[in-house]
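Colleague: I have a structure open and want to read its charged pairs and one buried spot. Can you walk me through them?

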Amino acid sequence: MSIQGKDYVTITDHSTGQSMDLPILRGTDGVPVIDINQLRKKMNLYTFDPGFVSTAACESKITFIDGEEGRLLFRGYPIEELAEHSSFLEVCYLLLYGELPTEGEYDKFRDLITHHTLLHEGLREFYKGFRRDAHPMAIMVGILGAMSAFYHDSLDISDPNSREVSAHRLIAKIPTIAAWAYRYSKGEPFPYPRNELGYASNFLHMMFSYPTEPYAINSIAAKAMDLLFLLHADHGQNASASTIRLAGSSKANPFACISASVGTLWGPAHGGANEAVIKMLADIGSTKNIAKALERAKDKDDPFRLMGFGHRVYKNYDPRAKLMRNMCQQVLEDLQVDDPLLEVAEALEEAALQDEYFASRRLFPNVDFYSGIVLRALGIPTNMFTVIFTMGRSVGWISQWNEMINAERVRIGRPSQLYTGPAQRAYVPIEQRK
Ligand code: CMC
């Protein structure tokens, strides 16, 4: 194969003497990729990259991350600008449709989301099947998966309109699903959504109101919650986004795929880290114990890791963590909350950033490091932290899924393997086995 220009690398298998030119593809920004699509066919070779450290698994126009510089763009817009000027619902529109909405488009979209917030009453009954002490993320996996049993009219994935209705349903209903998971664990009534409230305010109302008395929305809390959702809205091809692309490539319905992503996000190496950070800060307890915690995090024989630190892509300060840290200080000040964990977190960050181990590995705070302290100040219980992450990220998942379905050629995801098990051998009857 010959390729014009210099945009290719040549690969040679010295055992056979076979060579092949592989095209280098360049996107709008970021690291170029080598197109190895024909490698198996032409050279009878696979590539080996556990954890996808050097592998681009798809083409995408949604989110760009520059890990070296600590830049994050949604459809080209820097996260800092969106955090300052936009809102979660506007970002939902941007991620789903590719452009910021006009005023008319935004009003229509907000109206649509507002009028899809109710859950099928049969779905409400589902909650009763869970144990009261179930983790709310377990309930999220179950209820979101069960949506495929209730919303049959939007499951035709070959129909763009059907896919759009599913996306709207997901964004609209997830606050209701999440808040009810919490209310169920408390044995409390399930408040219905209220259409006169904004997205984040409505969620706070369903989390904390009682039918016996009026509930006043705290505007500082509503603004902070909206920003939390916005900062989590998408993040490229992370584990849960890759999950939805892989699950969706089998042509499974969107709610089944979302449920798979929720399960992936739950892990402490991914979205579950925000819950783990608070547990870690509480265990450290005081700035006196920071040196000991750092020693443990550096000890390869100790499974303890500094939660909320490190990232596969960011080798610089995670821009979301910077925004989260500022928000954390502001929210605590505005709500006049004195959380001793903030002092521990700030001192831990400072000590880690000065430590050779963390500096040489370029480990910085990530989005989860400060989010838990903000959530605590808003009265959100620790076991709901990953649920909040899920709510923000659901628009990212459905946008990634939609992009994947819309791609020119959709093939089922099917990674290969380097097989190192036994070579072929004959079956041994049980009486002859030693
Ligand atoms: N504490 C101590 N050492 C760490 C940490 C940490 N938090 N993170 C990475 N390292 C070390 C790791 O031991 C390895 O050292 P060495 O080169 O000596 O073997 C080196 O840094 C590279 O780490 P890695 O595990 O190869 O990196 P990865 O890209 O596979 O993992 C990560 C990324 C986020 C899973 C990891 O940094 C981690 O476990 N962090 C703590 C959990 C966390 O905060 N997760 C949230 C991620 S951001 C939000 C999200 O994605 O949901």
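Modeller: Start with the total. A search of the whole structure gives 21 salt bridges. Keep in mind that this is a predicted model.

Colleague: What is the general idea behind such a pair?

Modeller: Side chains of opposite charge can pair when their charged atoms come close. Take a case from this model. Arg-26 and Asp-7 form a salt bridge through their side chains, at 3.2 Å from N to O. This pair links distant parts of the chain, 19 residues apart. Arg-26 sits in the loop between strand 2 (18-25) and strand 3 (33-34), and Asp-7 in the segment before strand 1 (8-13).

Colleague: Are Arg-26 and Asp-7 buried or exposed?

Modeller: Arg-26 counts as exposed, because its relative accessibility is 52% and the cut-off for exposed is over 50%. Asp-7 has a relative accessible area of 33%, so Asp-7 is partly exposed.

Colleague: Which residue does Asp-29 meet in a salt bridge?

Modeller: Arg-71. Their side chains meet at 3.1 Å, N to O. Asp-29 lies in the loop between strand 2 and strand 3, and Arg-71 in strand 5 (residues 71-74), so the bridge ties together parts 42 residues apart in sequence. Both are partly exposed: Asp-29 has a relative accessible area of 37%, and Arg-71 is at 31%.

Colleague: Now a pair within one helix. Where do Glu-121 and Arg-124 lie?

Modeller: Both are in helix 5, 3 residues apart, which is about one turn of the helix. Their side chains form a salt bridge at 3.9 Å, N to O. Glu-121 is partly exposed, at 41% relative accessibility.

Colleague: Which residues do salt bridges with shared partners join into one network?

Modeller: Asp-29, Asp-66 and Arg-71.

Colleague: On to the other spot. Where is Thr-117 found, and is Thr-117 buried or exposed?

Modeller: Thr-117 is in the loop between helix 4 (103-114) and helix 5 (121-126). Thr-117 counts as buried because its relative accessibility is 8%, and buried means under 20%.

Colleague: Which residues is Thr-117 in contact with, leaving aside neighbours within four places in sequence?

Modeller: Ala-172, Lys-173, Thr-176, Pro-193, Asn-195 and Asn-202. Look at Asn-202. Its C-alpha is 9.6 Å from that of Thr-117, while the two residues are 85 apart in sequence.

Colleague: What does the side chain of Thr-117 reach at 3.1 Å?

Modeller: The backbone oxygen of Thr-114. Residue 114 is also where helix 4 ends.

Technical notes. Residues numbered from 1 in each chain as written. Predicted model: local features only at pLDDT ≥ 70, side-chain atom pairs only at ≥ 80, totals over all residues. Heavy atoms only, no water. Helix = DSSP H or I, 4+ residues; strand = E, 2+ residues; numbered from the N terminus. Buried < 20%, exposed > 50% of the residue type's maximum accessible area, 1.4 Å probe, protein only. Contact = heavy atoms within 4.5 Å. Polar contact = N/O pair within 3.5 Å; in protein donor to acceptor, adjacent residues only side chain to side chain. Salt bridge = Lys/Arg side-chain N within 4 Å of Asp/Glu carboxyl O.
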